[in-house]
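Work through the exercises below with the sequence and the model in view. Each one sets a task and then solves it step by step.

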Amino acid sequence: MPDSPALLVIGECVADIVRLPGAPDRTHPGGSPANVAYGLARLGRATTLVTQLGRDPDGRLIEDHLASAGVRVLTDGGDAPTPAATVELDDEGRATYGFRITWTLGPVALPGEPPRHVHTGSIATALEPGADTVLDLVRSLRRAATVSYDPNVRPALMGDHLPAVRRAERFVALSDIVKASDEDLRWLYPDEAPEKAAERWLGSGPSLVLLTRGAGGATAFVPGATVSAGAPPVRIADTVGAGDAFMSGTLHALASYGLLGAPGRARLRSLDTTVLGDVLRHALASAAVTVARAGALPPDEEELAAALTSGAIPEG
């Protein structure tokens, strides 16, 4: 693994304990940022994850999982237990969550040159005191790197509403690329349509805002234009990690077009709508492959290429 990764992800790892009606519990490696890092590495991108991992069986499970895809893991050396989440799935595969999580990320020394792109979001940007560490780290890296952010709202962990909104908006203002689901935006701005909130975010700093709607597809907002695409038809096993696979598919596609990294920031702001449509296709296909099988298992390069060229969604 190179000393200076092309892509750096900052955020939590979580042991997802999945509960299905009438079935025994299953533990999957998870956590939104960890899933994004894993997805990027599966797609052949050199990726490092800055995170916390406990010295416990869940921590070892997650570290082995990330290493299997080639993710380099850097921690702050703390001794907090590995976070855990209970994921309850209904008969249609929809997920609800319960959490046993602390996020106390301390300073982490990054080796080599700064990364070309930084991604963060989810609990790591919402839960104090670690969220402040993440914010400072993103600020310090932004001069050399483009930044992406996914709020991935978990209401049970967000605390009081107004401070949570302000934290999210600080990260939006630092970001070049923001992805949010319609459910995220409805929680953050209950009196505003998600489309209006996405457009408003676009005016606060980002070059690209992506709004996802599950099976309803996604819309990309750039200055002066919007592009929408439908989700591929797929038999859903569960929806765990779908948004994270969408994010890793987005970043993979943008990297392929040379749109990540501070030198590409101006080009990102003037994205051609044809390119934008192709980025959405990659993101939606990546999510479709993921929901077709249990757990947060995003596609590798071969699986994504097959989904894009033939429409075939590998199931498992």
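**Exercise 1. Locate Ser122, and decide whether Ser122 is buried or exposed.**

Solution. Begin with the place in the chain: Ser122 sits in the loop between β8 and α3, where helices (H or I, at least four residues) and strands (E, at least two) are DSSP runs numbered from the N terminus. Next, turn to the accessibility: Ser122 counts as buried because its relative accessibility is 3%, given that buried means under 20% relative accessible area, exposed over 50%, and partly exposed in between, with a 1.4 Å probe and protein chains only. Finally, look at the backbone, where the phi of Ser122 is near 65°, a positive value in a residue other than glycine.

Before going on, note that this is a predicted model, in which local features need pLDDT of at least 70 and side-chain atom pairs count only at pLDDT 80 or more, while totals for chains, interfaces and linings use all residues. Residues are numbered from 1 along each chain as its sequence is written, and side-chain values use heavy atoms, with hydrogens and water left out.

**Exercise 2. Find the cis peptide bond that ends at Pro129, and describe the positive phi of Asn152.**

Solution. Start from the general expectation: most residues other than glycine have a negative phi, and most peptide bonds are trans. The peptide bond from Glu128 to Pro129, however, is cis, with omega near 5°, and Pro129 belongs to the loop between β8 (117-121) and α3. Then move along to Asn152, which is not a glycine and yet has a positive phi of about 40°. Asn152 lies in the loop between β9 (146-150) and α4 (161-174), and it is buried, because its relative accessible area is 12%.

**Exercise 3. Which residues does Leu74 contact, leaving aside its neighbours within four places in sequence?**

Solution. First place the residue: Leu74 is part of strand β5 (residues 72-75), and with 16% relative accessibility it counts as buried. Then list the contacts, a contact meaning heavy atoms within 4.5 Å: Leu74 meets Thr48, Leu49, Val50, Thr51, Val108, Ala109, Leu110 and Pro111. For one of these partners, add the backbone distance: the C-alpha atoms of Leu74 and Val50 are separated by 4.8 Å, although the two residues are 24 apart along the chain.

**Exercise 4. Repeat the analysis for Leu297, a residue in the loop between α9 and α10.**

Solution. The loop that holds Leu297 runs between α9 (273-291) and α10 (301-310), and Leu297 counts as partly exposed at 30% relative accessibility. Not counting residues up to four places away in sequence, Leu297 touches Tyr38, Arg42 and Thr290. The C-alpha atoms of Leu297 and Ala242, 55 residues apart along the chain, are separated by 9.0 Å.

**Exercise 5. How many salt bridges does a search of the whole structure find, and which side chains form some of them?**

Solution. The search finds 13 salt bridges, each being a side-chain nitrogen of Lys or Arg within 4 Å of a carboxyl oxygen of Asp or Glu. Take one inside a helix to begin with: Asp136 and Arg139 pair at 3.9 Å, N to O, and both lie in helix α3 (residues 130-141), three residues apart, about one turn of the helix. Asp136 is partly exposed at 48% relative accessibility, as is Arg139 at 46%. Next comes the pair of Arg19 and Asp25, whose side chains meet at 3.0 Å, N to O; Arg19 is partly exposed at 33% relative accessibility, and Asp25 is partly exposed with a relative accessible area of 44%. A further bridge joins Arg200 and Glu192 at 2.7 Å, N to O. Returning to Arg19 and Asp25, salt bridges that share partners join these two and Glu88 into one network.

**Exercise 6. Describe the chain as a whole, beginning with its helices and strands.**

Solution. The chain has 10 helices and 13 strands, and its C-alpha trace spans about 50 × 45 × 40 Å along the principal axes. Buried residues make up 56% of the 316 residues. As for contacts between residues at least 6 apart in sequence, 71% join residues at least 24 apart.
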